[in-house]
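Me: I'd like to learn how to read the sheets in a protein model. Could you walk me through it?

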Amino acid sequence: MEKDLSHAGAPFETVLAQFPSRRILVVGDLMLDRFSYGHVGRISPEAPAAVINLDRVEEAVGGAGNVARNIASLDAHCDLIGMVGTDDAATAICRCLGETPNIEAHLVHAPERVTTVKSRFVAKLHNTHLLRADVEDSSAISPELQQKLVRIVAELLPQVDAVLLSDYSKGLLTADCIRAIIEHARKAGKFVVVDPKGRHYERYAGADFMTPNLNELSQAVGAPVDTEEHQVAAARKLLSMTKSRAVLVTRSENGVLVVPAEGEATSFVASARRVIDVSGAGDTLVAGFTLALASGASIANAARLANYAAGIAVSKFGTACVTHEELADALLSRPDFHIKSKIFDNTPGLRQAVAKWREDGMVIGFTNGCFDIIHEGHIEILSEARSHCDRLIVAINSDASVARLKGPTRPIQSERARAKVISALAFVDAVITFDAETPIDLIAEIKPNVLVKGADYKVEEVVGRSIVEANGGRVVLVPLVPNSSTTRIVEKMKAGKNEALV
C-alpha cells in the first residue's frame with residue numbers, strides 16, 4: 001500500500017550526510033560483554049555438559065556502551081554517561097571506550113558496586129551460544145549518585161541534539177532519574193528516545209519515542225501481541241500511557257513496527273540476509289533510529305533506517321557495530337542499475353516502480369528536459385536534483401516534442417538514444433519519454449515529493465508546481481552553469497570553431 005509521504009522528511013542521502021555533525025547524549029547501564037570462542041569435541045565425564053576448548057576471548061563495551069559505539073561507528077559523536085565499579089571489568093570498559101573515537105565518556109565510579117559483566121561461551125561451529133554467565137548488581141543507585149548523574153546530564157544538554165536512555169534495569173536509571181532527565185531535556189528543547197525495560201512504563205512518561213521489543217510491549221500493557229493488530233493496539237495503549245510521539249516495536253525476524261501518535265502504523269520486514277549473532281542488535285537499532293530522527297528523517301523513515309542497521313548487525317559475530325559506509329551501501333543501493341531496467345515505455349510501469357519506492361519510504365524526485373547533447377549543465381542539474389531525493393525520475397521530451405520546441409532540425413539525437421544516455425548516469429533511477437509540450441500529466445500521475453528545474457525559471461513558472469505543493473512536496477531551482485547549452489554547442493559546430501566551450 002502506498003504511504004502518504006507528505007511528511008517524508010529529508011531523503012536518506014541527506015539524512016546520512018548529517019550524521020557526522022550530530023551529537024547524541026546516551027545515558028544508561030554499562031556492562032562488559034565478554035565472548036569466549038572455542039571448539040566443542042566432547043562431553044564432560046563429570047556431568048552432561050559440553051567441554052569447550054577456548055582459543056580466543058574478545059571484550060567489548062555492552063549495554064548503553066554498545067549504543068554509544070554504534071553512534072560513533074556511524075560517524076556521529078556521543079556523550080556517554082554510565083556507572084562502573086572500581087574492578088577489573090571497569091578498567092576494561094574504560095580502556096575500550098578510550099580506544100573508540102567520537103565517544104566522550106562521563107563515567108561515575110561506585111566502589112561499592114560490581115561492574116556488570118556478561119560472559120558468553122560460543123562454539124565456533126555454527127556460532128552456537130553454549131552458556132552465558134552474568135555478574136551484576138541491579139539494585140538502585142543511591143540518591144547522591146542520582147543527583148550527580150542528573151547534574152552531568154544538565155551540563156551536557158546544550159551541546160547535544162538528542163537524549164537516548166538505554167535502560168537495562170541494572171539500577172542506574174531509577175524512576176526519579178528518568179523523570180528528572182526527561183524534564184531537563186524538555187526544557188532544553190531536546191527530544192528523548194527510551195530503550196525501555198521492565199513492566200512499569202509510566203516512569204517513562206514524557207519521553208518522545210519508545211523502542212520496546214514484543215515481550216516488553218506485552219508486559220508493559222498487559223495485553224497479547226500475537227498478531228500485528230494486537231501489536232498496534234498495544235503500542236497505542238503504551239502511547240496513551242507515556243504521551244509519547246511514537247513507539248517503535250522490534251519484532252526479531254519479523255522486522256519492526258512503528259506506531260505514531262498521529263497517523264497510521266507502518267511495518268518493515270527484517271532486512272537481514274543471514275543471522276549469525278543477535279547480541280546487541282537492539283542497541284544498533286535504537287542508535288540508528290535516534291540519529292536518523294536527529295538528522296531530519298521522518299518517524300517512518302527513521303524506523304526503516306534503523307531496521308536496515310539492525311539487519312547488518314545480526315550478520316556479524318559478537319556485539320558488533322555498523323559503519324556509516326555499510327548502512328549507506330544497504331540503504332541507498334540501487335538493484336535496478338542496468339540501463340534497460342531504468343527506461344520505462346509507459347506510465348503504468350513507472351507508477352508501479354514509484355509505488356514500490358514509496359512503500360520503502362523513499363523521497364521521489366522529478367525533473368524534465370530535452371537532454372539532446374549531454375553537457376556540463378545537464379550533469380549539474382541532475383546530480384543536484386538527486387541530492388534532494390532518494391529516487392530521481394527524468395522525463396525527456398519525445399522527438400516530436402523537441403521539434404515543436406526547438407525547430408525542425410532538432411533533436412540531434414533520437415529519443416531512444418537520449419533515454420539510453422541519461423539512464424547510464426548513476427544518479428538517475430528512472431527515465432520516461434513524454435510527447436506533450438509539458439510533463440504536467442506525468443507529474444499529476446506520479447505526484448513527486450521534489451520537483452527540480454533550472455534557476456532560469458521562477459518558482460511560480462514551474463510546470464506542476466501546484467500539484468507537488470498540494471501534496472506536501474516542494475520545488476527546487478538549481479543554478480545554471482554559465483554558457484552551457486546544446487544550442488550553443490550546435491552553433492559553435494556550425495561556425496567551425498574549435499576552441500573549447502567554457
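Reply: Happily; we will look at the sheets and the helices that pack on them. This is a predicted model, where local features need pLDDT of at least 70, side-chain atom pairs count only at pLDDT 80 or more, and totals for chains, interfaces and linings use all residues. Residues are numbered from 1 along each chain as its sequence is written, and side-chain values use heavy atoms, leaving out hydrogens and water.

Me: What holds the strands of a sheet together?

Reply: Strands pair through backbone hydrogen bonds, either parallel or antiparallel. Here, strands are DSSP runs of E with at least two residues, helices are runs of H or I with at least four, and both are numbered from the N terminus; a pair needs at least two bridges found by DSSP. One open sheet has nine strands in the order β5-β4-β1-β8-β9-β10-β11-β12-β13, with mixed pairing.

Me: Which strands stand at the edges there?

Reply: They are β5 (103–109) and β13 (266–268); each has a single partner strand, so one side of each lacks a neighbour in the sheet. Further in, β8 (162–166) and β9 (191–195) pair in the parallel sense over five bridges, with valine 163 partnered by valine 192 of β9.

Me: How does a helix lie on this sheet?

Reply: Angles run from 0 to 180 degrees between N-to-C directions, using axes fitted to C-alpha atoms, for helices over the stretch in contact (heavy atoms within 4.5 Å). Helix α3 (88–98) lies across β4 (77–84) and β5, at about 165 degrees to β5.

Me: What is the order of the six-strand sheet?

Reply: That open sheet runs β14-β17-β16-β15-β18-β19, with parallel pairing.
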